[in-house]
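Here are my notes on the model you asked me to look over. I've kept them as numbered points so you can check each one in your viewer.

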Amino acid sequence: MAASKKSGGPRDMLESMYSVIALVFILVACVELCDAAAVVDVYRLIQYDMSGSPFGSRLASLNHHAASLHFPPGADLSRTVLIIPLRELNITFVREYINQKKPLGGLLFLLPEVFSFENGGNKQIHEKEKMKNVLAELEQLLIHANIPYPVYFAFENDEIETVLADIKKNDAIGQPATATTGGYKLVIPTPEPKKVASPTITNIQGWLAGLKADGEANQLPTIAIVASYDTFGVAPALSVGSDSNGSGIVALLEIARLFSLLYSNPKTRGRYNLLFGLTSGGPYNYNGTQKWLRSFDQRLRESIDYAICLNSIGSWDNELWIHVSKPPENAYIKQIFEGFSNVAEELDLKVGLKHKKINISNPRVAWEHEQFSRLRVTAATLSELSVAPDILEGTGGLFDSRQFVNETAIIRGVKLVAESLARHIYGHQGKNVQIFADDSSLAVNPAYVRSWLDLLSQTPRVAPFLSKNDPFVMALKKELVDHTDEVNVQHENLEGMFTFYDSTSARLNIYQVASVTFDLLLLLVLGSYLIVLFSFLVITTRGLDDLISLFRRPPSRKVKTA
């Protein structure tokens, strides 16, 4: 017994050495073969249901080989992710794959860096202008399609361009990435999306009280200035809406600041109340505006002389449009339009009037002022758009970024609205009186406009993904607190025909993987090496006879019978 225990010592040691050596080689092989070639921030295509019908990308996790648009004809792409730079986008090809529901592992669209948040200057504007229409067409295709595989967006950088160059080279020689040939693998290990439970919309209201005359019992009339602040786009994590409706928010905040200076002095306080409303749910038929208006008591609603809604006023050249629901012949509409037209003429601008009758039975609300009109409150929308966009269009897409917004256009829009309101409030209609002259203490502040525009252009604002206490919502509230009185915040659930899903951004790991042939060859070499090493160790420690005995068939034992 003792001899057998002793003889088992070297064997145990040998087996331990064998295990350690094998483990080391396996770990080294894994490190060499599985290091990520690049790690990239990616942004997922929106996923939502409208009236129970699914739209957008229905999956989030990804684990497939990568290919470029140069893949061989007839290639099976069911387990392949196509990497498509926007510069090389063939919209016909993408539409065909989506509409015909051809099998595909996934799509990764690469956007030029000029579209990123950080690139806030005016460089490469010409390049962006060329791609703007193509990108807008792609967005509408993806938003209104039901896509059964993951779709992501990323920004170009040196790492991903190097990877794409290698992929194109392999595809060009007819050797696309597969399990047998190797190549690059795209992995996003994220859980599958879940429904956003009870998405919240938040309305913020500020108030500047007018000055009543001594002994006056009647309630003062009210003018409402309103702007919807949320966005909707093909990628929620990138939907900043610098123009739609970042420009409207900036204009409202600057108008609130200017009138707070006037109303802080009893001598210049007007005999109108001013109501400022920052509303949510704009892309969804102005759901937040509807809830905000219905929260008013009857007295306040009846006191509203008119409301002016600000929408997309940051990229116009020389003409803005006033959209109304009441006929142009209406006395109130005439008064509003004439007031704006007179100021516009003095500022060397043009203002046009667009009348669109609303259909109460139609749930579609094209303009924010239509929610006021449905409650018989006179209202108008000031916009650079001459026609209302379709639902879920023109509400903060990928191309609606800082570079496309003109600060000067916003400043001119602020002057137009502020002067028109002031002349109405102080009874200066038809008089060439500039209250907000450029060289006065009440001049529009370009630095204020620029700072808020920069902030909005870096802040995605898709309502279902903004919490009640989101820092951006709190920043808007604080700004109204600084310039108005009686600031109220209203939280409501987003209701209607929309259901949204989470998982809007992720980290993409790009791995360079070897082919199966290489793996088998490596395994053969590694196995041969270990066998030789094992044989050498046995011979040097126990002799050749013991090595031979390991491979010799043991003699059969005969069972003795009694």
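**Notes on the model**

1. Start with a polar side chain: serine 57 reaches the backbone oxygen of tyrosine 149 with its side chain at 2.9 Å. Do keep in mind that this is a predicted model. A second backbone oxygen, that of leucine 59, lies 3.1 Å from a polar atom of the serine 57 side chain. Serine 57 is found in strand β3, which covers residues 53-57. Buried or exposed, if you look at serine 57? It is buried, at a relative accessible area of 0%, and the cut-off for that label is under 20%.

2. Strand β3 belongs to an open sheet of 4 strands, which run in the order β7-β3-β2-β18 with mixed pairing. At the edges sit β7 (146-147) and β18 (498-500), each pairing on one side only. Over at the β18 end, β2 (residues 47-50) pairs with β18 in the antiparallel sense, over 3 bridges. If you want a pair to click on there, tyrosine 48 stands opposite phenylalanine 500 of β18.

3. Next, the other sheet. Here you get 8 strands, again open and with mixed pairing, in the order β15-β14-β16-β13-β11-β12-β10-β17. Its edge strands are β15 (350-355) and β17 (485-493), and each of these pairs on one side only. On average, neighbouring strands in this sheet are turned by 20° against each other, ignoring direction.

4. Both senses of pairing are easy to find in that sheet. For the parallel case, take β11 (residues 222-228) and β12 (residues 273-279), which pair over 7 bridges; valine 226 has glycine 277 in β12 as its bridge partner. For the antiparallel case, try β14 (residues 319-324) and β16 (residues 379-383), with 4 bridges. There, histidine 323 has threonine 381 in β16 as its bridge partner.

5. Why call β11 largely enclosed by the rest of the structure? Because 7 of its 7 residues are buried. Go through them face by face and you'll find Thr222, Ala224, Val226 and Ser228 buried on one side, with Ile223, Ile225 and Ala227 buried on the other.

6. On to helix α10, residues 407-426. From first C-alpha to last, its 20 residues reach 28 Å, close to the 28 Å expected at 1.5 Å a residue. The helix is mostly covered, with 17 of the 20 residues buried. Have a look at both ends, too. At the start, a side-chain oxygen of asparagine 406 comes to within 2.9 Å of the backbone nitrogen of threonine 408. Just after the helix, glycine 427 takes a positive phi of about 70°.

7. How do α8 and α10 pack? Helix α8 (residues 331-346) meets α10 at an angle of about 125°, and the two axes are 9 Å apart. The helices are therefore oblique to each other. As for handedness, α8 passes α10 in a right-handed crossing.

8. One last residue: aspartate 171, found in helix α4 (residues 158-172). This aspartate is buried, with a relative accessible area of 3%. The C-alpha atoms of aspartate 171 and leucine 69 are separated by 8.5 Å, though the two residues are 102 residues apart along the chain.

How values were computed: Residues numbered from 1 in each chain as written. Predicted model: local features only at pLDDT ≥ 70, side-chain atom pairs only at ≥ 80, totals over all residues. Heavy atoms only, no water. Pairing = 2+ DSSP bridges. Helix = DSSP H or I, 4+ residues; strand = E, 2+ residues; numbered from the N terminus. Expected span 1.5 Å × (residues − 1). Buried < 20%, exposed > 50% of the residue type's maximum accessible area, 1.4 Å probe, protein only. Polar contact = N/O pair within 3.5 Å; in protein donor to acceptor, adjacent residues only side chain to side chain. Axes fitted to C-alpha atoms, helices over the stretch in contact; angles between N-to-C directions. Parallel < 35°, antiparallel > 145°, perpendicular 65-115°, else oblique. Left-handed = near helix turned anticlockwise from the far one by under 90°.
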